[in-house]
Amino acid sequence: MDAIRAGIIGATGFAGAELARLLALHPRFEVIALTAGAEAGMEMGALYPALEHAYRGVQLVPHHHESLFSCDVVFTAVPHTAGMQHAARLIERGISVIDLSADFRFNDVDRYERTYEVSHTAPQLARRAVYGQPETMRERLHEAARERENGMPALVGCAGCYVTASILAAAPALAAGLVEPCAPLVVDGVSGVTGAGRKATARTHFCTANENIEAYGLPAHRHAPEIAQAYSRLMPSLGSAEDIRLAFAPHLVPLNRGLLATVHLPLATDIDPAELHATYCSFFSDSPLVTVLDQDVLPKTAAVAGTAYAQVNATVDKRTRIACALCAIDNLGKGAAAQAVQCANLIFELPENTGLDAIACIP
């Protein structure tokens with residue numbers, strides 16, 4: 001079979017480098033372009049010695065390098081506002097784009113602009129982009145794959161890391177209509193420091209982050225509207241994304257990699273814990289990258305570190321009739337690069353877990 005030519009814009013950030021690692025091991029994707037800003041001209045292995053063997057002699061090129069136009073697909077691992085700029089020129093040349101920024105996570109451009117407080121420069125593309133969360137948007141990704149076969153390049157806006165874990169934790173209960181429509185939903189998330197990006201800040205500096213846990217972005221973190229959008233799609237009776245009463249609190253914890261979302265779901269009716277567990281097993285029965293743990297076994301970030309996998313489970317407090325739903329992922333894996341590769345697999349009509357079967361490291 002012919003290789004699928006791939007490029008990575010922003011290959012030197014943590015998510016971009018993780019993409020480079022995953023694609024180097026992929027049986028069908030061949031990386032032909034790695035781009036960088038100030039580090040253009042350097043070799044990838046000089047920045048990330050772990051990748052030296054896979055990319056020996058491969059030089060980073062500027063973001064607008066012509067080699068990108070020879071790609072079948074380009075992954076854009078860049079901050080918001082940069083994603084839309086790169087996507088527009090690539091889509092115009094017929095190249096599919098898997099965007100890891102926030103720029104194509106909302107089809108509602110007004111909602112994006114309110115959330116990120118910037119103007120969207122590619123609104124028509126945003127309105128047709130597919131939300132990149134495969135377990136809940138698989139059919140739409142299959143549809144985009146068919147459109148690509150018919151000559152329309154695909155554009156996927158990958159879900160954020162906190163949002164991915166929040167979706168996977170709650171999706172089975174929401175899709176089954178088990179949640180009280182008018183009740184507030186509470187999401188607590190904890191993330192490793194790589195989720196904040198490669199450039200150190202006062203919060204992510206080792207001396208600040210080590211031996212410390214802190215919340216941030218309160219009271220209205222910008223990922224909350226994305227979570228609400230996903231929950232509204234899963235359970236329309238909750239109302240529109242604007243209607244959902246969602247409290248989201250992200251926390252930074254002293255881990256390199258890992259993210260755990262805990263979602264508190266007030267239930268509309270009594271449900272037996274075994275029945276809830278069966279609902280979760282059924283929902284994810286066709287999802288090769290999601291593991292529903294045995295009843296009463298709770299997810300752990302160490303079990304999925306360095307992988308594309310997610311662990312999920314849910315418990316019920318019968319007295320309060322509140323379900324506690326949990327999901328553990330690697331924020332750089334299933335929360336970013338691995339999910340982007342999963343989306344690309346679907347867009348190019350490959351099994352969605354192709355190249356994503358690595359198991360977690362043993363401490």
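**Close-up 1. His223 is a buried loop residue.** At 13% relative accessibility, His223 counts as buried, because the term covers anything under 20% relative accessible area. The model shown here and in every other view is predicted. His223 sits in the loop that runs between strand 8 and helix 9. Leaving aside residues up to four places away in sequence, His223 touches Arg105, Tyr116, Tyr162, Val163 and Phe248.

**Close-up 2. Helix 9 is largely enclosed.** Helix 9 covers residues 224-234. Ten of its eleven residues are buried, so the rest of the structure largely encloses this helix. Among the buried residues are Ala224, Pro225, Glu226, Tyr231 and Leu234. Helix 9 lies across strand 7, strand 9 (246-252) and strand 10. Its direction is at about 130° to strand 9.

**Close-up 3. Seven strands form an open sheet with mixed pairing.** The strand order is 8-9-7-10-13-12-11. Strand 8 (214-215) and strand 11 (290-292) are the edges, and each pairs on one side only. Strands of a sheet pair through backbone hydrogen bonds, either parallel or antiparallel. Strand 7 (residues 185-191) and strand 10 (residues 259-266) are an antiparallel pair, joined over six bridges. Look for Asp188: its bridge partner in strand 10 is Thr262.

**Close-up 4. Six strands form an open sheet with parallel pairing.** Here the order reads 2-1-3-4-6-5. Strand 2 and strand 5 (130-132) are the edge strands, each pairing on one side only. On average, neighbouring strands of this sheet are turned by 25° against each other, direction ignored. Strand 1 and strand 2 (residues 29-34) run parallel and are joined by five bridges. Within that pair, Ile4 has Phe29 of strand 2 as its bridge partner.

**Close-up 5. Strand 4 is covered on both faces.** In a regular strand the side chains alternate between the two faces of the sheet. Strand 4 spans residues 96-99. Ser96 and Ile98 lie on one side, Val97 and Asp99 on the other, and all are buried. Strand 3 (residues 73-76) pairs with strand 4 in the parallel sense over four bridges. There, Val74 stands opposite Val97. Strand 4 also pairs with strand 6 (residues 155-158), again in the parallel sense, over three bridges. In this pair Ile98 faces Val156 of strand 6.

**Close-up 6. Helix 6 and helix 11 pack on strands.** Helix 6 (residues 134-149) lies across strand 4, strand 5 and strand 6. Helix 6 runs at about 130° to strand 5. Helix 11 packs on the sheet and touches strand 2, strand 3, strand 4, strand 5 and strand 6. The direction of helix 11 makes about 155° with that of strand 6.

**Close-up 7. Ile9 is buried in strand 1.** Strand 1 covers residues 4-9, and Ile9 belongs to it. The strand is mostly covered, with five of its six residues buried. Ile9 counts as buried because its relative accessibility is 0%. Not counting residues up to four places away in sequence, its contacts include Thr35, His63, Leu68, Val74, Phe75 and Arg89. Leu326 is 317 residues apart from Ile9 along the chain, and the C-alpha atoms of the two are separated by 32 Å.

**Close-up 8. The largest pocket holds about 1300 Å³ of space.** Its lining counts 48 residues. Val78, Pro79, Gly195, Ala196 and Gly197 lie nearest the centre of the pocket. Four elements give two or more residues to the lining: helix 1 (14-24), helix 3 (82-92), helix 7 (161-175) and helix 11 (333-347). Helix 1 gives the most, with three residues.

**Close-up 9. Cys327 and Cys343 are in no disulfide.** A disulfide is a covalent bond between the sulfur atoms of two cysteines. The structure holds zero disulfides. The nearest cysteine sulfur to that of Cys343 belongs to Cys158, 4.4 Å away. For a disulfide the two sulfur atoms must be within 2.5 Å. For Cys327 the closest cysteine sulfur is that of Cys161, and at 11 Å it is too far for a bond. Cys327 is buried, with a relative accessible area of 0%. Cys343 is buried at 0% relative accessibility.

Methods. Residues are numbered from 1 along each chain as its sequence is written. This is a predicted model: local features need pLDDT of at least 70, side-chain atom pairs count only at pLDDT 80 or more; totals for chains, interfaces and linings use all residues. Side-chain values use heavy atoms; hydrogens and water are left out. Buried means under 20% relative accessible area, exposed over 50%, partly exposed in between (1.4 Å probe, protein chains only). Two strands pair if DSSP finds at least two bridges between them. Contact means heavy atoms within 4.5 Å. Axes are lines fitted to C-alpha atoms, for helices over the stretch in contact, and angles run from 0 to 180 degrees between N-to-C directions. On a 1 Å grid over the protein atoms alone, a cavity is a set of points where a 1.4 Å probe fits but cannot get out, and a pocket is an open set with protein on both sides within 12 Å along at least five of seven lines; lining residues have an atom within 4 Å of a point. Grid points are joined across faces, edges and corners, and a volume is the space filled by probe spheres set on the points.
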